[in-house]
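Okay everyone, thanks for coming. I'd like to walk you through one structure today, so have it open while I talk.

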Amino acid sequence: MRLKIIRLSTIAAFIIILLNLIYIQVIKGGYYFDLSLHNRIRLLSLEGPRGRIKDRHGKILADNRLSYDAAVVPWGVDETQPELFSFLSKVLSLDQKKLLEKYEAKRTASFVPVLLAEDISRDQAILLEENKYRFPSLLIQEAYRRQYPFYAEGAHLLGYVGKINRLRMEELKEYGYVPQSLFGYGGVEEYYDAYLRGEEGGVQIEVDNRGQQVRLLGLKDPRQGQDITLTVDADIQVSAQRLLEGKSGVIILMDADNGEILGLTSAPTFDPNVFLNPQARREVSALFSHSSSPLFNRAIQGVFPPGSVFKMVVALSALSTQKINSRKTFFCPGFYELGGMKFGCTHEHGTEDLEGSLAHSCNVYYYNLGLLVGAQTIYKYAHDLGLGSLTYIDLPYEEKGFVPHQQKGLLASGQRWYAGDTLNLSIGQGMTLTTPLQLARMMALVASDGKQVHPHVIKMIGEKSIERYDSNKEIPLDKNILKIIQKALRQAVVDSSGTAHALNVEGLYVAGKTGTAQSSGKKENHAWLVGYVKGKKNISFCVFLEHGGSSYNACVIARDLLLDLRGKGIL
Amino acid sequence: MGLAALYSASFQNIRVTQQVFYDQLFCAALGLGIMYFLKRVDYRKFYDLAYIFYGLNILLLLFVLMMGRYALGARRWMEIGALSFQPSELAKLSLIFVLGRYFSNRRPTLSFNFASKAQLLFRDLIFPFLLTAVSILLIFKQPDLGTSLLLFGIFLIMLFVTGLEYRYLMGFTGACLALMPFAWHILKSYQKDRLLVFLNPNIDPLGAGYTIIQSKIAIGSGQWAGKGWLAGTQNQLNFLPERHTDFIFSVIGEEWGLLGAIFLMYCYFVLIDSGFQIAEQLKDKFGLFLTMGIVSILILQVVINVGMVMGLCPVVGITLPLASYGRTSFLVFMIMMGILLNINRKRLFS
């Protein structure tokens, strides 16, 4: 009967419903459950403070200080809005309208606090906090700001931090960097950013359909990043930077036996604290546009002609290929003639042997040697000594310099190699370019009888010390030959007519080589002084003055530095 | 059970006040009273009153259209003093009375000749349809698509029960279907959206599709045993709109899970099936039609509402009997229960 039909249809309908229920609730239940969670749970991240940077004795070079930010949580602002903002503007001494505009512009979800003023003074923070009962949506947030207690000393070594830029974001977002992350720029801050970074924590909150926070579900505390201990000695660093004040140049001190950098300074320098000061924008842009490039780390990024310092390389190559022995002499009348042109020397040296030529820095001797040995051979030994290649120091943006190759150079510039080019090469002019660090490493090699160390600036990450730096290489050079060079360098200091005589400090075994390199254009020459000290530690050093004039100026600085360090008991 | 669900829906939230619960509670009490009262009232009295009742209802509907309270984009409520009620709910009842009376007076006729065929049609089909149509139109204009379709459904089922020959039924349905494209244009845009979204809820996840998606999330996330009374997150945190009315089943699904949902469906099923059992044994035509009318309302509302909430049907604004909030609706259903009880009684004693 008809009733039966209806009845059966009804049963069928119910069965369909039942089946569908089973489908939604059982089969796809998990899926829907997840969706329901997703609807209501939000995650906010909290950034952890950065690890500190310390010198080898534990002095803090980069730290975090507690700073206060004033923020407003949009939830609940409506009623108290005008009074809240007038109060804020009074306490913070900021224009009320601007505050409101900023608030409107930056607000997002209703539970996300809107940052209105960064790094306010403690008194301001206290005042705001005291009035919180009146304005419950006012929030004083604590943040950590990077602080460099040594200001400009060591700026290049340390680098600075700032908000990450888009380019790096793209590369690094898989590692957890978000647009508001801090990132190191330059120096140790950049190179070891991954270790210094604080570990992110987070807050898990429950929201309703309007995105309003209902309650706190979970909290993961953010953790501080790892501290990094440098090989650098703060005392040395400070002394070095002070000596370069007002000048433009580099001082590097390195342990000749293991490559630990004891001091690395570049001038002109800057105060890295300005990058974190929101009021100091103008200073920051001034730094970027300054004509003398204070942000440029001349120690590893600067490439300059080595000048007379390069003579060591020529001497070494001549001795090693047995073109001469140590007693070979040449006569220097003050100039050298080749192809109708006169190549000058600083003095009329008369007859010079190898030792004397290095001690007195005679160009003519080396013009002769250069032609004898040939540019190709010089190239090889220059590379053996580490010039023209990276030292792989753990700082970013190192340059590798350039040593001209007789044949390859031709193809590049299309010009023939002339004998005159060899002459220039022999005295470290022409196209040759080195970084101060390369020269410091070279000196260490000479001092240690052929061990090429790997320069590095860090000693420990967290509590673990870095052991991997035994990638020191033994360069296959005749030790006796090196001893000859060493003796010559010592002579340069000890001999009263030695170019480095100013360094003859009582009680210290100092050896070195000066260099005066002509720079292009009308500017003053560059002044070099590279050498090493043997004593408690064997320390190789490099002093460079960009457009510093005579190398004597570099010697003076080096001497002051050595005296200072001896006074401090380091040497 | 419906009461418990309503409590949850209105618990602790800003949009829907607890008042809703108390209202419904009151109506429940009142309704129960009415139900028991009607149990004793001879339902045949309604027979006499049928036309008058219906006519009154029509008037009420007209009134509503003209002066009714406007809420949620529709004029559905009449206010008398401090109380308001929905005539469209009453219309369901009055329609049953009217159709019941009308159909019970017809005898199944045979087709003699053409002339009388037309007469036949007229009597058995068209006239009752026209009667119904008046209500449908008035309600549609409120606008309340759901209830008007519901009335149409009631008509169809009761017509089916009259025993009208299949070909007429088919023809009629065919004609109606043919009119659908025209009907499409009469629909308001949001109603059209609802139909489109029914086909694919993801077209408009924040607008028309939002409700269905949220509803499915709510039901699905209840899984076996639900999240617990008052603990439905979709519901408590306001993700689910209309949860105290059309979507109360979602709340039940979320909080009581599959088991709860099945239990509720079972309750309805028992109710409906007992209706069937009563109907089968009736000889009295009027009683039969009344019973079937009531049963049909139950079937249609339950199936459509649950289907709607699960995404099986487009959202049409049909509430779940006795569970969704709606005082008039609740009372009307209680009246219907009372009548059923009376019919049952009479059946036993006749």
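Before the first residue, one bit of vocabulary: when I say two residues touch, I mean that their C-beta atoms, placed from the backbone, lie within 7 Å. And keep in mind that this is a predicted model.

So, which residues does A:Ile252 touch? Leaving out anything up to four places away in sequence, the list is A:Gly263, A:Leu264, A:Ala299, A:Pro436, A:Leu437, A:Ala440, A:Phe541 and A:Cys542. That residue belongs to the largest nonpolar core, which has 115 residues, and A:Val188 and A:Ile252 are the two that touch the most other members. Helix H19 of chain A, residues 436-447, gives the largest share of this core, 9 residues. Both domain 1 (44-230) and domain 2 (234-271 + 296-567) of chain A put in at least three residues each. Apart from that core there's another one, with 79 residues, including B:Tyr102 and B:Ile297.

Next, the two chains together. Look at helix H1 of chain A, residues 2-27, and helix H11 of chain B, residues 248-281: their axes come within 11 Å and cross at roughly 175°. Parallel or antiparallel? An angle over 145 degrees counts as roughly antiparallel, so H1(A) runs roughly antiparallel to H11(B). On the H1(A) side, the contact includes A:Leu3, A:Phe14 and A:Val26, and on the H11(B) side B:Gly253, B:Phe269 and B:Glu280 are among the residues involved. Sort the contact residues by type and you get 15 nonpolar, 4 polar and 2 charged.

Staying with chain B for a moment: B:Leu138 sits in helix H5, residues 114-140. Buried or exposed? B:Leu138 has 22 C-beta neighbours inside 10 Å, so it counts as buried. Its C-alpha is 8.4 Å from that of B:Ser148, 10 residues apart along the chain.

Last, some backbone oddities in chain A. A:Ala267 and A:Pro268 are joined by a cis peptide bond, with omega about 0°, and A:Pro268 is in the loop between strand E12 (261-267) and helix H11 (281-289) of chain A.

Then there are positive phi values in residues that aren't glycine. A:Tyr392 has one of about 60°, in the loop between helices H16 (375-384) and H17 (406-413); with 12 C-beta neighbours inside 10 Å, A:Tyr392 counts as exposed. For A:His547, phi is near 55°. A:His547 lies in the loop between strand E23 (539-545) and helix H21 (551-567), and is partly exposed, with 15 other C-beta atoms within 10 Å.

Methods: Residues are numbered from 1 along each chain as its sequence is written. Chains are lettered from A and ligands numbered from 1 in the order in which they are written. This is a predicted model: local features need pLDDT of at least 70, side-chain atom pairs count only at pLDDT 80 or more; totals for chains, interfaces and linings use all residues. A nonpolar core is a set of buried Ala, Val, Leu, Ile, Met, Phe, Trp, Tyr and Cys residues joined through C-beta atoms within 7 Å. A residue is buried if 20 or more other C-beta atoms lie within 10 Å of its own, exposed if 12 or fewer, and partly exposed in between; C-beta atoms are placed from the backbone. Helices (H or I, at least four residues) and strands (E, at least two) are DSSP runs, numbered from the N terminus. Domain bounds come from an automatic or database domain assignment. Axes are lines fitted to C-alpha atoms, for helices over the stretch in contact, and angles run from 0 to 180 degrees between N-to-C directions. Angles under 35 degrees count as roughly parallel, over 145 as roughly antiparallel, 65 to 115 as roughly perpendicular and the rest as oblique. Ala, Val, Leu, Ile, Met, Phe, Trp, Tyr, Cys and Pro count as nonpolar, Asp, Glu, Lys and Arg as charged, and the others, Gly among them, as polar.
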